[in-house]
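This briefing concerns strand pairing and helix packing in one structure. Please consult the sequence and the coordinates alongside the points below.

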Amino acid sequence: MEKIIDESVQGKALSLEKNEKNTRNLYIESYGCSMNFSDSEIVASILANEGFNTTQELEQADLVLVNTCSIREKAETTVRKRLEKYNTIKKKRPHMKVGVLGCMAERLKSKLLEEEKIVDMVVGPDAYKDLPNLIQEIDEGRDAVNVVLSKDETYGDISPVRLNSNGVSALVSITRGCDNMCTFCVVPFTRGRERSRDPQSIINEVDELWNKGYKEITLLGQNVDSYLWYGGGLKKDFDKASEMQIATAVDFANLLDMVAQAQPKMRIRFSTSNPQDMNLEVIKTMARHENICKHIHLPVQSGSNRILKEMNRQHTIEEYYELIDNIKEIIPDCAISHDMISGFPTETEEDHKATLAVLDYVKYDYGYMFSYSERPGTMAARKMEDDVPNAVKQRRLAEIIALQRDHCLYRTKNFVGKEQEILIEGTSKKDEGMWMGRNSQNVVAVFPKENYKLGDFVNVKFNDCTSATLIGVAVGYGKSN
Ligand code: SAM
């Protein structure tokens, strides 16, 4: 059910083509959300110009970088375990340096150097352009730290290399940071205030990807619907913008329209949407363009108005239902997925039942479901007691997951007997003879390879399904080729 936080890629060493002139080996692995994977591509791009090739063998690394996630305690524990592993390698390769990047670097700052003796370098998500200087520092035997958060860094001028790419789908970052201040969430503290990337640099990147043969992009941000370009700077400073800046501002619906028109055959996805910012214009833009995939990831976190208020989510459950109804009216075949948290402080059985009721109402296509993990520094950690016993959190989570599984099956069964266009993304993990791809709704489909190729759009007729996968046979090339 986890489709964005793809467990199979968590911690996988990322690699790109070797440049013979480069002499040092970089081992880079990423944890957490797609944003981190996209950031690692920016980092690898910067370091490719600094004499580094990537390696997938930890034992051959001169520099190890781990791009980290702080969203839940478990994510940080995983990284600490990896640091232990690097330590054993470092005993055999004393010159090997270790750098921690991303959210954990930002959250713990120089404290990380004290806590984890193995770490030589700590770099926050807005400081990657400083990596050449920081690496020079560690080469000269000093620890290096840069965790300064920026008002305007979007890395718009860096053309990211594509790590472990299938050559078909790519991530394109459009906003950085988050202003929402959900009380459970560490992101505003680790990734800073929200800022949007110049639309022209986004279009250029999409054009470049198309020219290289890519067929699908995912526009990325913590809250993509909040995208707003008015010449640069923080979203929160828009009220100080000039008349000209206001008149020429580009919002998310405008951006989607621009990208969809720039490359009418490129499949376009986006993630994540926040219900408070998603509007009718975005939904109508999706409906207008066939190349914008019919799927919205729309986290709700809880079904209880009281809990939504405590979480500082800026909408009620009634407003959320209205949005869902509008989506289904304007785009009847639109898939909707969610994020849900069980056991937020003070959550009662009544609140939990309200969450199950949302699942029943929407019948989401899939979801990411978590038990609440208190994060130091967040408003919830400061003001509320983590008072739902772990056993209760886990039982409620299990109930949410079980209900969601039923709905996944209900949704995939609806596709059986139908024919849809699938973009081939790779070989099926379970069967070498089958292709794996996705439909517009982001459901995975598998079918016999025949003579089709990676990156082809193929019409597939589905004859069976599991709760997460459609199974079918190809009936010809799709019209998107
Ligand atoms: N920006 C998106 C939003 O808020 O709608 C997603 C942010 S986060 C990277 C992905 C998901 O992690 C959240 O939607 C939430 O469900 C979950 N999450 C964030 N903080 C959490 C916490 N402290 N405990 C458990 N789950 C958490």
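Two strands are taken to pair if DSSP finds at least two bridges between them. By that criterion, strand β19 (residues 434-438) and β20 are joined by 5 bridges and run antiparallel. The model under discussion is predicted.

**Strand β20 and its partners**

- Within the antiparallel pair, Met436 stands opposite Val446 of β20.
- A hairpin is formed by β19 and β20, with 5 residues between them; in its turn, Asn442 has a positive phi of about 75 degrees.
- Strand β22 (residues 469-477) runs parallel to β20, and 3 bridges join the two.
- Val446 also stands opposite Ile471, which belongs to β22.
- Strand β20 (residues 444-448) is largely enclosed by the rest of the structure, because 4 of its 5 residues are buried.

**The open sheet β8-β11-β14**

- An open sheet of 3 strands, paired in parallel, follows the order β8-β11-β14.
- The edges are held by β8 (169-173) and β14 (267-271), each with a single partner strand, so one side of each lacks a neighbour in the sheet.
- From one strand to the next, the twist averages 25 degrees.
- Between β11 (residues 216-220) and β14, the parallel pairing extends over 5 bridges; Ile217 has Ile268 in β14 as its bridge partner.

**Helices on the sheet**

- Helix α1 (residues 34-48) lies across β8 and β11 and runs at about 90 degrees to β8.
- Helix α7 (residues 199-211) packs on the sheet and touches β8 and β11; the direction of α7 makes about 170 degrees with that of β8.

How values were computed. Residues numbered from 1 in each chain as written. Predicted model: local features only at pLDDT ≥ 70, side-chain atom pairs only at ≥ 80, totals over all residues. Heavy atoms only, no water. Axes fitted to C-alpha atoms, helices over the stretch in contact; angles between N-to-C directions. Contact = heavy atoms within 4.5 Å. Buried < 20%, exposed > 50% of the residue type's maximum accessible area, 1.4 Å probe, protein only.
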